[in-house]
Amino acid sequence: ANSNLGVLATLASVGAGADVVSGGEMLRALEAGIPASRIVFSGVAKTADEMKLGLTHGIHQFNIESLPELHRLSHVAQEMGKRAPIAFRVNPHVEAGGHAHISTGSAEHKFGIAWHEAESFFEEASRLPSIDPVGIAVHIGSQIMRVDPMRASFEKVVTLARRLRDRGFAISRLDFGGGLGVPYKASRAPLNLERLDAGLMEFRAANPQFALWMEPGMA
């Protein structure tokens, strides 16, 4: 969503990737020097042309939010003779702790696939041609000012990933999402980034079999 190529190029120079939600954002990231191998295509309503663009450039993965989207990507990838690495965005049923209108991780929210359906979605993906189900993604909301909800979602995702690996699925990537908040009012305490970082390092040390991704862009 950042349209400033200078800022994007600076981020690229220090190793940052990009989480994009459109073909235009993908092209902007590539022009700024972000390698396709560090680009994740998230968001709803990806078009067939946008999927083709991602497959042509060889992006890191597509974060899938529904079965129709999964089937569309399988069809496009099969036509192109490509394989599409995917992560399912699952809804971990965790309250983000921010404003209700920008929370997306509770049971009643429409984003992502329901927690109890995750394993059946991976079974479906494993049967489809040209699809490699390799990851799990979450994004519980925006303007998150507390670490505890994020840690709770991390724990649920790791538990699900371990269960899927025990069933033979080649889960190797965990995308913990973003939504880190900014204290726009002086009366609000900032998000404790040191505690968040310590938690991520703790998860990484305990789960070396997974590559951990996160979108730390501020809301």
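## A tour of one chain, residue by residue

Skip the neighbours within four places in sequence, and serine 74 is in contact with Leu128, Pro129, Ser130 and Ile131. Serine 74 itself sits in helix α4, which covers residues 67–80. Is serine 74 buried or exposed? With a relative accessible area of 4%, serine 74 is buried. One thing to keep in mind while you look around: this is a predicted model.

Now zoom out to the whole chain. What does its secondary structure come to? Count along the chain and you get seven helices and eight strands. The radius of gyration is 17 Å, close to the 17 Å that the globule rule gives for 219 residues, so the chain is as compact as a globular protein of that length. Along its principal axes, the C-alpha trace spans about 55 × 40 × 35 Å.

How much of the chain is tucked away? Buried residues make up 46% of the 219 residues. The accessible surface comes to about 10,500 Å², and carbon and sulfur atoms own 54% of that. As for charge, there are 22 positive and 23 negative charges, and their mean positions are 2 Å apart.

Contacts tell you how the chain folds back on itself. Take the contacts with a separation of 6 or more: 64% of them are between residues 24 or more positions apart.

**Strand β6 and its partners**

Next, have a look at strand β6, made of residues 131–137. Six of its seven residues are buried, so β6 is largely enclosed by the rest of the structure. Which strands does β6 pair with? One is β4, residues 84–91, which runs parallel to β6 and is joined to it by six bridges. Another is β7, residues 173–175, also parallel to β6, with three bridges joining the two.

You can pick out single pairs here. Between β4 and β6, alanine 87 has glycine 135 as its bridge partner. Between β6 and β7, isoleucine 136 stands opposite leucine 174.

Glycine 135 deserves a longer stop. This residue of strand β6 counts as buried, at 0% relative accessibility. Which residues does glycine 135 touch, apart from its neighbours within four places in sequence? The answer is Ile86, Ala87, Phe88, Phe122, Ile171 and Arg173. Notice that Ala87, the bridge partner of glycine 135, is on that list. Glycine 135 and alanine 170 are 35 residues apart along the chain, yet 8.2 Å separates their C-alpha atoms.

**Valine 20 in strand β1**

Strand β1 spans residues 18–20, and valine 20 is part of it. At 2% relative accessibility, valine 20 counts as buried. Leaving out the neighbours within four places, valine 20 is in contact with Glu25, Met26, Ile39, Val40, Phe41 and Ser42. Alanine 1 is 19 residues away from valine 20 in sequence, but from C-alpha to C-alpha the two are 7.3 Å apart.

**Three residues in loops**

Arginine 83 has its place in the loop between α4 and β4. Residues up to four places away aside, arginine 83 touches Leu55, Ser130, Ile131 and Asp132. Leucine 55 is 28 residues from arginine 83 along the chain, and their C-alpha atoms are separated by 7.9 Å.

Ser130, a contact of arginine 83, is also a contact of serine 74. Where is serine 130? You'll find it in the loop between α5 (118–127) and β6. Its phi is positive, about 70°, although serine 130 is not a glycine.

Histidine 93 is in the loop between β4 and β5 (113–114). Here, too, phi is positive in a residue other than glycine: the value for histidine 93 is near 60°.

Here is how the residues on this tour come out for burial. Under 20% relative accessible area counts as buried, over 50% as exposed, and partly exposed is in between.

| Residue | Relative accessible area | Class |
|---|---|---|
| Glycine 135 | 0% | buried |
| Valine 20 | 2% | buried |
| Serine 74 | 4% | buried |
| Serine 130 | 10% | buried |
| Histidine 93 | 37% | partly exposed |
| Arginine 83 | 49% | partly exposed |

Try finding these residues in the structure above. A good start is serine 130, which is buried at 10% although it lies in a loop. From there you can go to arginine 83, which is partly exposed at 49%.

Technical notes. Residues numbered from 1 in each chain as written. Predicted model: local features only at pLDDT ≥ 70, side-chain atom pairs only at ≥ 80, totals over all residues. Heavy atoms only, no water. Helix = DSSP H or I, 4+ residues; strand = E, 2+ residues; numbered from the N terminus. Rg over C-alpha atoms; globule rule 2.2 N^0.38 Å. Buried < 20%, exposed > 50% of the residue type's maximum accessible area, 1.4 Å probe, protein only. Contact = heavy atoms within 4.5 Å. Areas by Shrake-Rupley, 256 points an atom, 1.4 Å probe, with all protein chains shown as cover. Lys, Arg positive; Asp, Glu negative; His and termini not counted. Charge placed at Lys NZ, Arg CZ, Asp CG, Glu CD. Pairing = 2+ DSSP bridges.
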